Amino acid sequence: MKQFVIVADLDRCIGCHGGCQVACKTEHEIALGKSRSTLYTMGPTGKFPDLEMYFLPLMCQQCENPTCVEVCPTGACYKDEEDGVIKIDGDVCIGCQSCKRACPYDAIRFNQEMRISDKCNVCAERRAEGEEPACVRNCSGKALMYGDINDPDSVVSKAIAAAGEENVYSLKDFGNKPAGRFILRNAKWIDMLPKEFEQMMQNGGEYRG
Amino acid sequence: MEKLQRTIDALAIGGWEEVLPKKSAFESCPKCDGVKDDEVKVIKTCCRACIANCGVLAYVKNGRVIKLEGNNEDPMSKGRMCAKGLAGIQALYHPNRNKFPLKRVGERGGGKWKRISWDEALTTIAEKLMDTREKYGAETVFCSTGGGGNPEIWSIARFCNVFGTPNWFEPGCAQCYLPRVLAYTMMYGGVDPSIADSNALELYFPDDTPIKCLALWGTSPAYSCPASGGNAVVELRARGVKTISVDPRFTPDAAKADIWLPIRPGTDVALLLSWTRYILENKLFDADFVMKWTNLPYLVDTETKMLVRAEVSSDPNVPDTFMVWDKKTNAMQPMAYPFDENLDPALEGEFVVDGKVYKTGYQLLWESVEEYTLEKAGEICWLDPKKIEEAVKMFCENTPSGLALGVATDQTPNSVQAAMAAATIDLLMGNVERPGALLQRFRTSGVLKMPNYPVPVATKCLPEGQLQKRLGGVEHKGLHIWWAGHPSSIRDAILTGEPYQPRVWIDRSGNKLGVVAESAKWVEAIEKLDFIVHMYMYPTSFSAYADILLPTEEWLETDMIVETCNKLFARQAVTHLWETMDETLIWSRLAKRCAELGHEGCQKAFDAEFMGEDLPYWDSMEEFFNNFTKVVGMDWKEFAAKAPFEYLPKDEWRTYYVYKNIDEATGKPQGFPTPSKKLEIYLESMITLGRTGQPFAAEMLPPASKDYEPLAYYLEPIESPLGDGELQKEFPLVMTNGRVPFYHHSTLRNVAALREMYPVPEVWINPDTAKEYGIANGDWTYVESLRGKITAKAWVTEGIPPRIVYMERFWNPETLDTKTHGWKEMNVNVLTKSTAPFNDVVGTYTLRGFQVRVSKADGPPEGVWTKPEDFKSWLPAGHGPTADPSKEG
């Protein structure tokens, strides 16, 4: 089965907030305060001046066993067999937000106006027209890639292979099997959910990885 | 079947679809001829959200811009756009755009305005200008620009020359880029290595540039220009190029660097001098290159500090002949240009001839850096000497290397010396015009005669004698390289009436009060002025104090010629809104009104024969651009239709070793465009500049109060954390500034998509320091200096050294109509210092490296917006394109 997904080379992400934030939001006309992807600042960790920091753009991880699909009472949230991408059918969605609560990565938003859930579909509309997803298209560091992770010849599979297993990470798995991958060679991967890490930092906590 | 959904949300940051005009408005969309209703037309243009000019594809439907994307044809941005550029649609359709010319009614600052016609606006301004000129002299009118978003800056200098006033200024200039331009122009003669100013073009060829190490000194391209320079550095790192970041902030580029030197703000020159000392002491420089292509072997008369000349040349193609100390004959000998192989010049040494003491340039350079050991630099700069050594070794052992100097060092009174010290390092290392070096003279199209922008400044139009009246122009003669005045001298003249009283201010810029140092002092000055005009795309704090407001165009409404590497691009008006007008035309129209009212200088400015290469003023942008596009055999229309295109193949454009090219006039290598044709590390011409204004001033000027120094020296910041005086007790922390990726200068704080991501400025505080002052992460925090008090939100982070704090410039458009006018709450320039000491050469004041204190605040300032929904009223408003008023009669 095909599994389209976004892969991020974090050594190339320079935290510019352009493609993954502004381009995504304008492309999908997303409300203020909402977004389909979040850019997390992972750090700085350590003690001045011996520090590390990287940025992590996070969107739907297109899980193999998606809890969002599992909990959806109407079937609006489904994994598309064509491309492996998890989508929400707005005509069927009743806006109960079960999917939003179920997502361990906080990658689903609620569209207040339409009263439906909303998430990254790897720019299905753009892909249908032969274009790259908006975030990939506009990523200043060319950190973001997309493709079929099950196809060894895809851009993402090749990038993962070139990086070497020891430099490829995925978000914490709760049995949902996230398909997204992150490449990181030049800093130590922080094995926490980005949102939890950010909250810990905001509360003045110290990361002891 | 898959459903492709388009959801519209009331708070959608795009929101275009529902506000698209129902009827076609093609007649006013210049590039949409023949396009049908609802058809999407893609127009190739260029961004101007900052100064990088990235290539853009603008998607237009029914005359309305619906999407922006980077243009893959751009050799620098390579098809990427950053947050600032992508937010261009929100800036364009902002409901609070300046839409029509406005005239103040009621008292100044009262916020009451009346719509007037362009005709009335221009007539009112011209009459006031003429009246002021007649009563008090043209010099009492002054103009200014800056603040970001400018299509070009030379129109302001040109108008001032034509009108007869020597006074225009930019809060940039001496505080931004000019010190670097000056030092590299004088020492090298080619292009400076500022990445954010779209230089260091070698970096954009990652696949074949041999550069091995890049020092990012006071710059983080990831933040200043992510799509172009930011991306270039990413590509180089991915190919193994080593990077060094010299920056007190742990920026993305610092985080990804091999070595981070978190320097104390304002001490860069001490660190640069320690690098030079290390390079000289350990003989790490390119000895052959230094001997043959720099002026360091030349002898200097220690009494006059001038180089010793065997012969003064009267031929401009031939440099003067300088003296060296020949080791073979043990005597002073003339060194024929470029190099006399029969001589064996001493690089080091002091020589006495007839009782006079001579030293080589090298010797004087060594003496100027001798005290700056790694340990001493470590002490001054708050750095580990071992780390400094590691960095300088990495830079010297991995050549070709390059030192990309950013804006940081331009923002202290030690500005020009920092640029001189930085240039010295690359020149010593031979990082000049060889493949991999940042300092290059790649070819240009010849379309633009002026630096970066086309408008000729027409210095000949300034009446004789007026230049002597340029405020600050005698003391800070380096400003003449950009024909600019000195902001603090102009401000002080307004406050004191000395040497004369400026009365009328025409400003084209973003928020002046957000970018000039010590904003409150400027408001005092504003209150003394007779008449103020402000032109911009939207109202800013400064507008609140104006008498007339003129609506200018957003970048999506303007045309401009853009040169990017070996290609020419066209910024093209994609649409037009309200009654906005291109600034370049506004100045022309104003000159025309003054001409009609009898101003002889303005009348002559329309005379093609008199103006010659300076061009007569223009009636339309098309007419203006035709003067330039003809260089490539096209008129503007054809140029715009074909752009972007290559004016030279890449390999012909990328020319190395230009100095080795044989000059047909002399049969010798052409050398560098400096007086000696050598790299002038010992910058004798600084002395001449200070005494006469030459080679930049159009007239001979009286000497500055003190000679400018030919070699860099370190100045401890006037407000220093060293010592235990009253200042250090009251204000114990060092403040610095620096970019965030959301804004350029004072622009875009009114754009919802950006403000929701960075709603208020952060003050970065190290956890140890924060603890001392009882501040926790996210706390509202007062920040105070000797000059004022503001509020910011604390980011308690290890990413800033203890006892140093950082803040980005900010203002709050949401409180524009309150008594603060948005500049008092969170504006770090309330705290900065606009008074002496200034940099001797260019008059730089203190924007970085001054003392502050922090304390916990109760909450945010009144009326300041912090939550994403707060910005709702700034979302794009529903209006379609309009006719351009400049095209109507």
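Visitor: What pLDDT does chain B average?
Guide: This is a predicted model, so confidence is a good place to start. In chain B, 96% of the residues score at least 70. The chain B average is a pLDDT of 94.

Visitor: Over which residues of chain B does pLDDT stay under 50?
Guide: There's one stretch to treat with care. The model has 71 contacts beyond four places in sequence for it, yet its pLDDT stays under 50. That stretch of chain B is residues 1–28.

Visitor: And what ipTM does the model score?
Guide: Two scores go with the model as a whole. The pTM is 0.96. The ipTM is 0.97.

Visitor: Which helix gives the most to the side of chain B that touches chain A?
Guide: The contact takes 55 residues from chain B and 47 residues from chain A. On the chain B side, β3, α1 (83–86), α7 (226–238), α8 (252–255) and α26 (752–755) each supply at least two residues. The one that gives the most, with six residues, is α7(B).

Visitor: How many residues on that side of chain B are nonpolar?
Guide: Let's go through the classes. Ten residues on the side of chain B that touches chain A are charged, and twelve are polar. The nonpolar ones number 33.

Visitor: Which strands are the edge strands of the β1-β2-β3 sheet in chain B?
Guide: This is an open sheet of three strands with antiparallel pairing, and its neighbouring strands are turned by 30 degrees against each other on average, direction ignored. An edge strand here pairs on one side only. That picks out β1 (40–46) and β3 (64–70) of chain B.

Visitor: Which residue is the bridge partner of B:Lys61?
Guide: Strand β2 (residues 55–61) of chain B pairs with β3(B) in the antiparallel sense, over six bridges. So look in β3(B) for the partner of B:Lys61: it's B:Arg64.

Visitor: Why is one side of β21 and of β23 in chain B left without a neighbour in the sheet?
Guide: These strands belong to an open sheet of three, ordered β21-β22-β23, with antiparallel pairing. β21(B) runs antiparallel to β22 (residues 567–571) of chain B, joined by five bridges, and B:Val562 stands opposite B:Phe569 in β22(B). One side of β21 (560–564) and of β23 (645–646) has no neighbour because each stands at an edge, with a single partner strand.

Visitor: How many residues of β17 in chain B are buried?
Guide: In a regular strand the side chains alternate between the two faces of the sheet. In β17(B), B:Ser401, B:Leu403 and B:Leu405 are buried on one side, and B:Gly402 and B:Ala404 on the other. For strand β17 (residues 401–405), the count is five of five.

Visitor: Which residue stands opposite B:Leu405?
Guide: β17(B) pairs with strand β8 (residues 213–217) of chain B in the parallel sense, over five bridges. Opposite B:Leu405 stands B:Trp217.

Visitor: Why is α18 of chain B described as largely enclosed by the rest of the structure?
Guide: First, its length: the 14 residues of α18 (residues 583–596) should span 20 Å, and the end C-alpha atoms are 20 Å apart, which agrees. Among the buried residues are B:Trp587, B:Leu590 and B:Cys594. The helix is largely enclosed because the buried residues number eleven of the 14.

Visitor: Is B:Met323 buried or exposed?
Guide: B:Met323 lies in strand β13 (residues 321–326) of chain B. Beyond four places in sequence, the residues it touches include B:Tyr298, B:Val308 and B:Met332. With 20 or more other C-beta atoms within 10 Å a residue is buried, and B:Met323 has 25, so it's buried.

Visitor: How many residues lie between β2 and β3 of chain A in their hairpin?
Guide: Strands β2 (residues 38–47) and β3 (residues 50–58) of chain A pair in the antiparallel sense over eight bridges. In this pairing A:Leu39 stands opposite A:Pro57. The number of residues between the two strands of the hairpin is two.

Visitor: How many C-beta neighbours does A:Gln62 have inside 10 Å?
Guide: A:Gln62 sits in the loop between β3 and α2 (67–71) of chain A. Its contacts beyond four places in sequence include A:Gln3, A:Val85 and A:Ala179. A:Gln62 counts as buried, and its number of C-beta neighbours inside 10 Å is 26.

Definitions and conventions: Residues numbered from 1 in each chain as written. Chains lettered and ligands numbered in written order. Predicted model: local features only at pLDDT ≥ 70, side-chain atom pairs only at ≥ 80, totals over all residues. Pairing = 2+ DSSP bridges. Helix = DSSP H or I, 4+ residues; strand = E, 2+ residues; numbered from the N terminus. Axes fitted to C-alpha atoms, helices over the stretch in contact; angles between N-to-C directions. Buried ≥ 20, exposed ≤ 12 C-beta atoms within 10 Å, placed from the backbone. pLDDT = per-residue confidence, 0-100. Contact = placed C-beta atoms within 7 Å. Expected span 1.5 Å × (residues − 1). Nonpolar A, V, L, I, M, F, W, Y, C, P; charged D, E, K, R; others polar.
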